[in-house]
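Please take a moment with the sequence and the structure shown here, and then follow the explanation below, which goes from the whole chain to a single residue.

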Amino acid sequence: MPDTLTIIDNRTGKKYEIPITDETIKAVDLRQIKVKDDDFGLMTYDPAFMNTASCRSKITFIDGDKGILRYRGYPIEQLAEKSNFLETAYLILYGELPTKQHYEQWVHDITFHTMLHENIKKLMDGFHYDAHPMGMLISTIGALSTFYRDGLRIHDPQARQKQVFRLIAKMPTIAAFAYRHSVGRKYVYPDNDLSYIANFMSMLWRMTEPKYQAHPALVKALDVLFILHADHEQNCSANAMRGIGSSQVDPYSAMAGAAAALYGPLHGGANEAVLRMLDEIGSKDKVGAFIQSVKAGSGRLMGFGHRVYKNYDPRAKVIKRLADEVFEVTGRNPKLEIALELERIALEDEYFVKRKLYPNVDFYSGLIYQAMGFPVEMFPVLFSIPRTVGWLAQWEEMLNDPEQKIARPRQIFLGYGQRDYVAMSKRAGS
Ligand code: CMC
């Protein structure tokens, strides 16, 4: 059987053979389907990219029906259990787990790019006292392009590599400065003796002590959370990174756009929205009524549902287990009761079952972050740090893909045809 699709255009009776590759047809192959020679040709219409592959990728695999997530072939559960964030970052970016030598060099390269230029500190100082830390993060990432002009050399692999070190290394520093700014505390500079995660915690929470001692269980928990959030193939922010990057702008500008996409409540802002929702519900006995209101259309059950997963999000499973370990150190987050009840009722309710709505990564992550002492405004910031790895890997893959060009969708134009300009005095209503 040939790997082709036969299309008969009933408008003309003409027959077309369209090749099928990787279970996909190319949208441009439809352009030959025309009624008249000067027609543009047939297009596909796919708002929100519900059924359109925008690239070929080797980075992250998701099977949404089976609840599978793999980075470069490795199951997320194995990486969460056995790897650490920087090793996983290397895997995602370069395709293989590092040798000991490569790993040590990689950790060194990241560790020695954690400092921020003093003027970036001044820039962050300029934000209003109650600025949202995610707004500060997005702006500061964009501003980095003015400090690292070699970021424009996107066709030079070595220059690209340098920006990768800088971005992965500086994100925790910017995030911690944004947090300290929002609580009115003096910034804490990076401590290169510490691991990536312990250093982040030191920059967040060190007070007068000369060396910050992070709790090992909390370091481990944040490390696992970072692994789980490192990439998720063509999600809204990865698509933004690729789309903006396709204009060949520097990675700082592209990543500011990706981070902005992540900020929205339907994407990385969802864990913040989950916590607000749990606050709004208030107590376990009100869960039933809340579910009814969601079903009646008065809002969504935040942290539930996913464009790709039509099964339990595998990251949510790992996080649920992790929550117990964190709560042993921090004490149980009282909102957990409400969350567990929400999950229990929703998983049995016909509305959610029929639509295949299961808890996603954001359902429990916020509870952990809050128990660790993060304010809700920091949640999307905490998502952005590890996702930097995914954005950069997607960007690198896009730049090296000969099939990619500047991203530029088509439209179906439904507005007016040509009409003549009307003088203001002659316009209706004037
Ligand atoms: N609560 C109640 N109903 C829902 C929900 C929800 N969380 N999610 C989807 N539905 C319903 C929706 O109303 C629709 O029903 P109907 O067919 O009767 O109109 C049906 O399920 C399909 O929804 P959709 O909006 O067409 O699905 P989508 O693939 O466009 O949306 C989603 C995916 C994640 C935006 C959506 O499920 C949602 O808004 N969830 C809540 C926000 C959230 O938790 N986001 C985090 C996503 S995971 C992390 C990340 O990507 O950053």
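**Where the two domains meet**

Between domain 1 and domain 2 the count of salt bridges is zero. In this predicted model, the rule does find four residue pairs in polar contact across the interface of the two domains, with both residues of each pair at pLDDT 80 or more.

To place this interface in the chain, note that domain 1 is made up of residues 70-268 together with 380-398, while domain 2 covers residues 270-372. The centres of the two domains, taken over C-alpha atoms, are separated by 26 Å, and at their interface 23 residues of domain 1 are in contact with 20 residues of domain 2. The area buried between domain 1 and domain 2 comes to about 1900 Å², and carbon and sulfur atoms give 71% of that area.

On the side of domain 1 that touches domain 2, at least two residues each are supplied by α1 (76-82), α8 (216-228) and α17 (379-399). Helix α8 gives the most to this side, with seven residues, and the residues of the side as a whole divide into 14 nonpolar, seven polar and two charged.

Helix α8 also holds Lys 220, a residue whose relative accessible area is 35%, so that Lys 220 counts as partly exposed, in between the limits of 20% and 50%. Once its neighbours within four places in sequence are left aside, Lys 220 is in contact with Ala 80, Glu 81 and Ser 83. Gln 248, by comparison, is 28 residues apart from Lys 220 in sequence, and the two are 37 Å apart in space, C-alpha to C-alpha.

How values were computed. Residues numbered from 1 in each chain as written. Predicted model: local features only at pLDDT ≥ 70, side-chain atom pairs only at ≥ 80, totals over all residues. Heavy atoms only, no water. Domains from an automatic or database assignment. Contact = heavy atoms within 4.5 Å. Buried area = accessible area lost by both parts, 1.4 Å probe. Salt bridge = Lys/Arg side-chain N within 4 Å of Asp/Glu carboxyl O. Polar contact = N/O pair within 3.5 Å; in protein donor to acceptor, adjacent residues only side chain to side chain. Helix = DSSP H or I, 4+ residues; strand = E, 2+ residues; numbered from the N terminus. Nonpolar A, V, L, I, M, F, W, Y, C, P; charged D, E, K, R; others polar. Buried < 20%, exposed > 50% of the residue type's maximum accessible area, 1.4 Å probe, protein only.
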